[in-house]
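User: I'm new to this and I'd like to go through a protein model with you. Can I ask how you know each thing as we go along?

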Amino acid sequence: MAIRPHTNHGEVIDEALNVAEERSRTYRRTLDFRSVYPSEYALAALAHFREPMPETPSHPVDVVRMLDEYGSPSTVATTGGRYFGFVIGGVLPAVLAASRLVSTWDQNAALRVMSPIVAEIEDVVLQWVREILGVPAGCEGGIVTCATTANFAALAAARQALLARIGWNVADDGMFGAPPIEVVVGEEVHASILKALNLVGFGRNRVTRVPVDGQGRMRADKFPKLKKNSLVCIQAGNVNTGAFDPAEEICRWAHESDAWVHADGAFGLWAAASPKYRHLVSGFELADSWATDAHKWPNVNYDCGIVLVREAEALRAAMTISAAYLQPGLEREPAIQTPDTSRRARAVELWAALKSLGKQGLAELIERTCKHAGRFAAGLQEAGYEILNDVVINQVLVSFGQAEVTQEVMRRVQKEGTCWCGGTVWQGKTAMRISVSSWATTEEDVERSLAAILRIARQVSG
Ligand SMILES: *Cc1c(COP(=O)(O)O)cnc(C)c1O
C-alpha cells in the first residue's frame, strides 16, 4: 500500500485513528492490573522491533497494531496510580483528550502567523502560570521541553544581562575573551543546573558551592561576597527532600550587589498553588528567573517545561533568531523566547490542565499528593524504618538499614510490580525515594503500595 493522498485516504486515517483510540482505551483500562514496571516476558517482545528499515510500506493500522501489541506492555505504567519513581506526573484526563486534538492540528508553535490559536493560548497560559507561581506580571516566559532546557534558557538570559552590565554583548561576541562571571550554587544543586552551566559556557566545575543543611537547603549565612555580575542558583524543592532554599534572605543579599538569582523550581514552585503550602515558596518571587516543569506536579503530558525571566529583553536577546523580531510594539512571538524554533504546541495541553483543574483543583492535587507522601512516611516509620527527610511536600526518603538492605528492598519492590520507587544517596546514606506526583494516585493505591513495600522489607530483613 502506497502512502499517497488518494481518494480514500480519509477512510484510512479514520480506521487508523479508531484502532489507536480503541487500543488506547484498553491500555488505560488494564493499567491497574499489570505490573508497574514491564515483565521479563513483555521486554522479550521488544525483539520484534529489531528489524531493518522495511523496503515496502505498511498499512497505518498495522503500524499502530504492532506498536500496541509489542510496545504497550513494555511501557512503564507512569499514568497509573502507583508509580513513585523520580518526580513523574501522570496525565490529566483533559490533557490526554486535548493532546489528541493537538496532534490532529499538528501546529507549528514557533510564530503567531503559523498558528494564531496556539500563540493566543500560550499568552493566556503564561499569564495564568505567572499568577499561580506568584511571579511578577511583567516577566517574560517561554514554553520548552523540560526544566533542564528551562534552566538553560534562563541561564542564557542571565548571561546576556550580566555581561551586558559590564559592556559585553555575548549574543554577538560570544564567550571568547568575555569577562568572568562568578557562579554560586548549593552543595545539593540539581544536576540539570550543572548541565545548563556547561551549555552556556560557564562550566560545571567553575562554581562556588555554598554549604547546605541536613535537608539540602543553602545556608544563607555561608554565602560568599557577591559582585554585580554574580549568578546565584537557588532551588524550590530539592529532588530528594523537597526542601526549599531560604529564597528571601538569599535574594535580598544578592540584590544588594545587583547579582542575578535564578530559581530552579522544577516541581517545588507549584507548592505556590496551595494556600496550605504557599509559605514554602515565599521569597522566590524576588528571583530574576525561574524554571519549572508542567510534566511533573501539574500532570501535563510529556514534555512541558516553562522558563520565566524578569528582564524580558534579556531572554529575547538571548533567544532571538533575528534582530528583526526584537522591534518594540510587535506582538509576542513564541519562538523568540526559547532555544527551539519549530516545535509542537505544548502550551495547549498545559492550558487544558489548568483550565480543567482551576485554582481549586490544582491546590487539591498538590495537597492530596503531599498527604499521600505523609501517609507513606508515617506507615514506614511506624514499622520501624528510618525516614531521612522532613516530609514537607511530596518527597519521602526511607532507609531500611544498611545500604545493601535498602538496595535489595528496592530491587524487589521494583520487580514485584505493585508499585515502582527509585533510589538515591542522600548525604552519604542510601535511600529509597518515594515521590507522589500523580493526580491518579488514590488512598487505596497508597495502602496497597505501602503494604507491598512493608511485606518485602520484612522478608529482606528476615
Ligand atoms: C526534575 C528536576 C529537574 C530536571 O527536570 P527535567 O524536566 O527532567 O529536565 C531540574 N531541577 C529539579 C529540582 C528537578 O526536580
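Analyst: Sure, and let's begin with a term: helices (H or I, at least four residues) and strands (E, at least two) are DSSP runs, numbered from the N terminus. Residue numbers start from 1 along each chain as its sequence is written. This is a predicted model, where local features need pLDDT of at least 70 and side-chain atom pairs count only at pLDDT 80 or more, while totals for chains, interfaces and linings use all residues; side-chain values use heavy atoms, with hydrogens and water left out.

User: Okay, where is L101 found?

Analyst: L101 sits in helix α4, which covers residues 93-105.

User: What makes L101 partly exposed?

Analyst: Here's the scale: buried is under 20% relative accessible area, exposed is over 50%, and partly exposed is in between (1.4 Å probe, protein chains only). L101 has a relative accessible area of 48%, so it gets the middle label, partly exposed.

User: Which residues form a nonpolar patch on the surface with L101?

Analyst: L101 teams up with W105 and I117, and together they have about 260 Å² of accessible area. Areas like that come from the Shrake-Rupley method with a 1.4 Å probe, and for residues only the protein chains shown count as cover. To be in a patch, a residue needs over 30% relative accessible area and no salt bridge; nonpolar side chains (Val, Leu, Ile, Met, Phe, Trp, Tyr) are joined within 5 Å, and like charges within 9 Å.

User: Why does N394 count as buried?

Analyst: Its relative accessibility is 0%, so N394 falls in the buried class. You'll find N394 in the loop between β8 (386-387) and β9 (395-399).

User: What is N394 in contact with, leaving aside its neighbours within four places in sequence?

Analyst: Contact means heavy atoms within 4.5 Å. By that test N394, with those neighbours set aside, touches F267, W297, T369, C370, A373, I434, S435, V436 and S437.

User: What joins the side chains of N394 and Q395?

Analyst: A polar contact of 3.3 Å does. The term covers a pair of N or O atoms within 3.5 Å; within protein, one must be able to donate a hydrogen and the other to accept it, and residues adjacent in sequence count only if both atoms are side-chain atoms. The pair passes, because the side chains of N394 and Q395 are joined at 3.3 Å, within the 3.5 Å limit.

User: What makes D213 and R217 a salt bridge?

Analyst: The rule asks for a side-chain nitrogen of Lys or Arg within 4 Å of a carboxyl oxygen of Asp or Glu. In D213 and R217 the closest N and O atoms are 2.7 Å apart, so the pair fits the 4 Å rule. D213 is partly exposed at 24%, and R217 is partly exposed at 31%.

User: How many salt bridges does the count come to?

Analyst: It comes to 29 by this rule. One of them is R344 with E349, whose closest N and O atoms are 2.7 Å apart. R344 is partly exposed at 29%, whereas E349 is buried at 0%. There is also a salt-bridge network that links R112, E122, D123, E140, R316, E331 and R332.

User: Why are E364 and R368 separated by about one helical turn?

Analyst: Because they are four residues apart in helix α11 (residues 346-382). E364 and R368 form a salt bridge too, with the closest N and O atoms 2.9 Å apart.

User: What is unusual about phi and peptide bonds in general?

Analyst: Most residues other than glycine have a negative phi, and most peptide bonds are trans. Here F86, not a glycine, has a positive phi of about 40°, and Q427, not a glycine either, has a positive phi of about 45°. Q427 is in the loop between β10 (422-426) and β11 (429-435). The peptide bond from Y302 to D303 is cis, with omega near -5°.

User: Last one: buried or exposed, what is Y385?

Analyst: Y385 is buried, since its relative accessibility is 12%. Y385 lies in the loop between α11 and β8. Y385 and S399 are 14 residues apart in sequence, but 6.3 Å apart in space, C-alpha to C-alpha.
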